[in-house]
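Here are a few exercises to work through with the model open in your viewer. Try each task before you read its solution.

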Amino acid sequence: MMTFLAPSLAHWAPLDSRATIALSGADWRSYLHGLVTQDVETLGPGELRFAALLTPQGRLLFDLFLLGREDGCIIECAAEHRAALLQRLKMYRLRARVEIGESDAPVEALWGADAAPEGWSRDPRAPDLGFRAYGAPAPRGAVLADETAYEAHRLALGVPGPADWGHDKSYPIEANFDLLGGIDFRKGCFVGQETTSRMKRRGTIKNRMAPIAVDGPPPPVGARLLAGELRAGEVSSSSDTGAMALLRLDRLGEGPLALEDGRPWRVVWPVWMKQVKEAG
C-alpha cells in the first residue's frame, strides 16, 4: 500500500556521494560479523544498521550502513572509497564462501515523513534523520531536494559526517558512533575492537564531535577553538548552515570560548548527546 506524505514536510534526495556493495553467499553473516563494529548475526531483511570498518589500530576507515536482505546484505559506503572497501573486503575473505561485488543500487534519503514508504528503512542513527532506501520508488508526496539540503538537515540535528572524521584519522567514539548506534560492544570480536573497547571501558571520553555556533561567517575548517588560553578543539567541517568540531571536553570549562580571531563560540548540544553535556 502506497504511503502518502505531506509535501510541506517531507523531502527526499538522491545521495550521489554514496555507493553500494552487494554481499551474499553461505558465509556472509559470519564473515561480515567478524569485521565490522555492528552485530550482523541478527540483521533481518529490510533492517538497516549503522556500522564501521576500522583499522587494526581502531581508527575509522569506512562508515557503513548495512541493509539486510533475504540472501545477503547491501553495504552502503562513501562512493569515493568503494573501490578501496571492496579491495579490503576481498582481502579479509580468505576461504569464506562469500560473493562480494559492486551494486548499482542508488542511495536515497527521505526526511520529514512520519512513516516509511514501502522499500524504505529508518535511519538508525537518530530518530529525526528519517529514512534511507536503495533503488526504491520515489516517495509519493515528498518534495525532491538535493544532497546539499540533506546535509543541512543532518547538520541541524548535530550528526557528524565523513568530512568530520576523515579516513584513517579519527576513532569511532570520537565521531559518536557509540551514541549513534554504530558500535555493538556485546557482539564480540571485530577489527579494531581492542582499542575501541579500551576507550569505552575508561569511562571518560576526552574528545567528541559536536556542532558549534559562532556569530558572523562560519569558521574555516581547521580553525582552532580556544577555552581561555587552552586549545579546546578544531573545526572539522563548515558550511553556510553551520559547523562541526572535534572538542576537548575536559577543557570546555577552562575559560571564555573564542575562535583564534576573537569571536565567541558555543557548543550546540543535540538532544541525543544529552549524557555527554551532563557529564561535562
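**Exercise 1. Find which residues lie nearest the centre of the largest pocket, and work out what lines it.**

Step 1: Glu 151, Arg 154, Gly 161, Pro 162 and Ala 163 lie nearest the centre, out of 28 lining residues. For the pocket search, a 1 Å grid is laid over the protein atoms alone; a pocket is an open set of points where a 1.4 Å probe fits, with protein on both sides within 12 Å along at least five of seven lines, and lining residues have an atom within 4 Å of a point. Keep in mind that this is a predicted model, where local features need pLDDT of at least 70, side-chain atom pairs count only at pLDDT 80 or more, and totals for chains, interfaces and linings use all residues. Residues are numbered from 1 along each chain as its sequence is written, and side-chain values use heavy atoms, with hydrogens and water left out.

Step 2: Get the volume. It comes to about 470 Å³, taken as the space filled by probe spheres set on the grid points, which are joined across faces, edges and corners.

Step 3: Sort the lining by element (helices, H or I, of at least four residues and strands, E, of at least two are DSSP runs, numbered from the N terminus). Strand E4 (60-69), E5, helix H3 (147-156), helix H4 (162-165) and strand E13 (230-239) each give at least two residues. H3 has the largest share, with 7 residues.

Step 4: Sort by chemistry. You get 10 nonpolar, 8 polar and 10 charged residues, where Ala, Val, Leu, Ile, Met, Phe, Trp, Tyr, Cys and Pro count as nonpolar, Asp, Glu, Lys and Arg as charged, and the others, Gly among them, as polar.

**Exercise 2. Do the same for the second largest pocket: what lines it?**

Step 1: There are 14 lining residues, with Gly 203, Thr 204, Ile 205, Leu 249 and Ala 279 nearest the centre. The space inside is about 320 Å³.

Step 2: Helix H6 (residues 274-279) makes the largest contribution to this lining, 3 residues. By type, the lining holds 5 nonpolar, 4 polar and 5 charged residues.

Step 3: Look again at Gly 203. Just after H5, this glycine takes a positive phi of about 90°.

**Exercise 3. Compare two salt bridges: are Glu 76 and Arg 132 buried or exposed, and how exposed is Glu 194?**

Step 1: Count first. The structure holds 19 salt bridges (a side-chain nitrogen of Lys or Arg within 4 Å of a carboxyl oxygen of Asp or Glu).

Step 2: Glu 76 and Arg 132 pair up at 2.6 Å, N to O. Their link joins distant parts of the chain, from strand E5 (residues 72-78) to strand E9 (residues 131-134), 56 residues apart. Both residues are buried (under 20% relative accessible area; exposed is over 50% and partly exposed in between, with a 1.4 Å probe and protein chains only).

Step 3: Now take Arg 198 and Glu 194, whose closest N and O atoms are 3.9 Å apart. They both sit in helix H5 (residues 193-201), 4 residues apart, about one turn of the helix. An α-helix has 3.6 residues a turn, so residues three or four places apart point the same way. Glu 194 is exposed at 62% relative accessible area, and Arg 198 is partly exposed at 31%.

Step 4: Zoom out to the network. Salt bridges link Arg 18, Asp 63, Glu 76, Asp 123, Arg 125 and Arg 132. Of these, Asp 123 is found in the loop between strand E8 (121-122) and E9, and Asp 123 is buried, with a relative accessible area of 2%.

**Exercise 4. Which residues of the largest nonpolar core touch the most other members?**

Step 1: Out of 50 residues, the answer is Tyr 134, Phe 177, Ile 212, Leu 225, Leu 247 and Trp 265. Such a core is a set of buried Ala, Val, Leu, Ile, Met, Phe, Trp, Tyr and Cys residues joined through side-chain atoms within 4.5 Å.

Step 2: Follow Leu 247. Leaving out residues up to four places away in sequence, Leu 247 touches residues including Ile 212, Leu 225, Trp 265 and Val 267 (contact means heavy atoms within 4.5 Å).

Step 3: Check for a second core. A separate one of 24 residues includes Trp 28, Leu 35, Val 36 and Leu 61.
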